[in-house]
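Hello,

Here is the structure I promised to pass on. Please have a look at it first; my notes follow below.

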Number of protein chains: 2
Amino acid sequence: MANTEAEFQDTVALSTRAVCSQCAFGELCFPHVLPVAFQILFPLAREKRIRLKRGEFLFHARDQQTGIYAVKAGFLKTCLPMPDGQSKIVGFLAMGDVLGLDGLDRRAHASDAIAMNGCEVCVISLDKFEKLLEHPVESVHVRQLLAREITRLGEHAAALGTLSAKQLVATFLLDMSRRWEDRGYSKHEFMLFMSRKEIGNYLGLTFETISRTLSYFQAKQWITMHAKNVLIRDMSALHSQVARASWGSAG
Amino acid sequence: MANTEAEFQDTVALSTRAVCSQCAFGELCFPHVLPVAFQILFPLAREKRIRLKRGEFLFHARDQQTGIYAVKAGFLKTCLPMPDGQSKIVGFLAMGDVLGLDGLDRRAHASDAIAMNGCEVCVISLDKFEKLLEHPVESVHVRQLLAREITRLGEHAAALGTLSAKQLVATFLLDMSRRWEDRGYSKHEFMLFMSRKEIGNYLGLTFETISRTLSYFQAKQWITMHAKNVLIRDMSALHSQVARASWGSAG
DNA sequence: CGGCCACTTGAGCGTACTCAAAACGCGTGG
DNA sequence: CCACGCGTTTTGAGTACGCTCAAGTGGCCG
């Protein structure tokens, strides 16, 4: 079990190769499955990487879009600026996740993308991206990425408007668990790569409520927490916590 | 001012032609701007329409996707089934809006689409749609539609997790206002085509809270309501209601 | 060691929910 | 035409969940 962030980062670094095979960019990074005409493009796409330090912006909302990105290593968050000047987290990104697709509408990003620690991000510039899209296979792939993001955000909105604090936090833990599992890690034992404050912002709750709820789950023996490390002891209890009846029908 | 739903529907019917020019399908319904090779496709797309009665489903969640749709007349809602069996409204659709794009990921719809009154929906079958996407112009158009939906859902999620009841209802009214304005109607005087219960479901509030909040806005002289008809008397007051400071920063 | 930040935990409060009753609109049928 | 029934909306009173404010702990780094 990774007990410190440094140790955890080592683990991540060691498994970078494995991560690539499950990266959402998929064949974008594996030229051999692409039509010959496009094999020229990808070495460039693979070369271009951006390194970010904690707190640095990959892009700002309203920036002109210059490319799309996939997380190679590290963690990022996407934030939407709110009318009151605050900013609201709408997504956490880990290795293999894709960013910047929301900019395809107006050619300008709708959100900020901020590194939560040291990050390495793969870039495909917009002109390369557009050439890429002339090919049906990649075009379908990109549409799937877009559609998946629509589904994810729809479910997130539905959750925020429907579920109680306990349900939201349980959902969040299960979601993190699944994401680690998808990447080949344990679904029972993993690290939350964000602060309580950030979880709260993401779930529409205060960090005190996050803290209290995690303590509650721990008191129930459903999880064990040490700082940011989670051990899920009773997955089904968390699931049944989510499925609890709540208000609001479609009318 | 439209005082009854029947009267309102007449208004809608009369302006169908105007609506088409602002339809999100855009050039899909206007073959003359398309490459010659595709002019064959669109007469078919234009022919195929579906008529729905109030309460009928255009498609169910988990249905295999057979096409994409644009609303020609009438109103629909998209609902996401929740784990507890309830269902949560994630979008209201009026003429010119597009549905079914969330299915492009798994080739199965993620949500239910339900007619809220008599509807007419334009259909493009999936195979025609895919042929269409071989063309760059239409392909870009579809990606823009997808990206716009991502932006919309992100903003909706952010609102649900951040704003108070008054802020949410004010935002909702302004959003409806803008949507009517985009379609060439008055932004000050329009009809809510959904019940208080449905607004509440959409905003993550109870219908009592919706009712109370609308009464509050009316007491403040910001709006006047008669049944489902809204008259906005002080747009800027609603705007400033939204911009009010609220909790939650990105940490 | 001291300062800082993230986190935990407690006590009190406020917003929005719950339950309830009554008014209203609308379609149906006598 | 009015009576009736049903669903929607309004409004009220009480409650509860999650926020606010606050104090205290623990870990990390200079």
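This is a predicted model. I start with DNA strand D, where 58% of the atoms within 4 Å of the protein belong to sugar or phosphate. The rest of those atoms belong to bases.

Strand D

In total, 18 residues surround DNA strand D. The closest come from both chains: Ala165(A) and Thr209(A), along with Ser211(B), Arg212(B) and Ser215(B).

Three polar approaches are worth opening in your viewer. Ser211(B) places a polar side-chain atom 2.6 Å from a phosphate oxygen of DNA strand D. Thr206(A) also points at the backbone of the DNA, with a polar side-chain atom 3.0 Å from a phosphate oxygen of strand D. Arg212(B) reaches a base instead: a polar side-chain atom lies 2.9 Å from a base nitrogen of DNA strand D.

Which helices supply the surface near DNA strand D? Helix H8 (207–219) of chain A does, and so do helix H7 (196–203) and helix H8 (207–219) of chain B; each gives at least two residues. H8(B) has the largest share, five residues. By class, this surface near DNA strand D holds four nonpolar, seven polar and seven charged residues.

Strand C

DNA strand C is likewise surrounded by 18 residues. Here the closest are Ser211(A), Arg212(A), Ser215(A), Ala165(B) and Thr209(B). Sugar or phosphate accounts for 62% of the strand C atoms within 4 Å of the protein, and bases for the rest.

Again there are three polar approaches to check. In Arg212(A), a side-chain N or O atom is 2.8 Å from a base nitrogen of DNA strand C. Ala165(B) uses its backbone: a polar backbone atom is 2.6 Å from a phosphate oxygen of strand C. Thr206(B) brings a polar side-chain atom to 3.1 Å from a phosphate oxygen of DNA strand C.

For the surface near DNA strand C, H7 and H8 of chain A and H8 of chain B each supply at least two residues. H8(A) gives the most, with five residues. The class split of the surface near strand C is four nonpolar, seven polar and seven charged.

Chain A against chain B

Now the protein–protein side. 53 residues of chain A are in contact with 53 residues of chain B. The two chains bury about 4300 Å² between them. Of that area, 66% is on carbon and sulfur atoms.

How many salt bridges does the rule find across the interface of chain A and chain B? Two. One of them pairs Asp105(B) with Arg148(A), with the closest N and O atoms 3.3 Å apart. The rule also finds two residue pairs in polar contact across this interface, both at pLDDT 80 or more.

On the side of chain A that touches chain B, five elements each supply at least two residues. They are strand E4 (76–81), strand E5 (87–93), helix H5 (136–162), helix H7 (196–203) and helix H9 (235–243) of chain A. H5(A) gives the most to this side, with 20 residues. By class, the side of chain A that touches chain B has 26 nonpolar, 15 polar and twelve charged residues.

To go straight to the DNA, start at Arg212(B) with a base nitrogen of strand D, then Arg212(A) with a base nitrogen of strand C. For the protein interface, start at H5(A).

Best wishes

Technical notes
Residues are numbered from 1 along each chain as its sequence is written. Chains are lettered from A and ligands numbered from 1 in the order in which they are written. This is a predicted model: local features need pLDDT of at least 70, side-chain atom pairs count only at pLDDT 80 or more; totals for chains, interfaces and linings use all residues. Side-chain values use heavy atoms; hydrogens and water are left out. A residue is near a molecule or strand if one of its heavy atoms lies within 4 Å of it. A polar contact is a pair of N or O atoms within 3.5 Å; within protein, one must be able to donate a hydrogen and the other to accept it, and residues adjacent in sequence count only if both atoms are side-chain atoms. Helices (H or I, at least four residues) and strands (E, at least two) are DSSP runs, numbered from the N terminus. Ala, Val, Leu, Ile, Met, Phe, Trp, Tyr, Cys and Pro count as nonpolar, Asp, Glu, Lys and Arg as charged, and the others, Gly among them, as polar. Contact means heavy atoms within 4.5 Å. Buried area is the accessible area (1.4 Å probe) that two parts lose on being put together, summed over both. A salt bridge is a side-chain nitrogen of Lys or Arg within 4 Å of a carboxyl oxygen of Asp or Glu.
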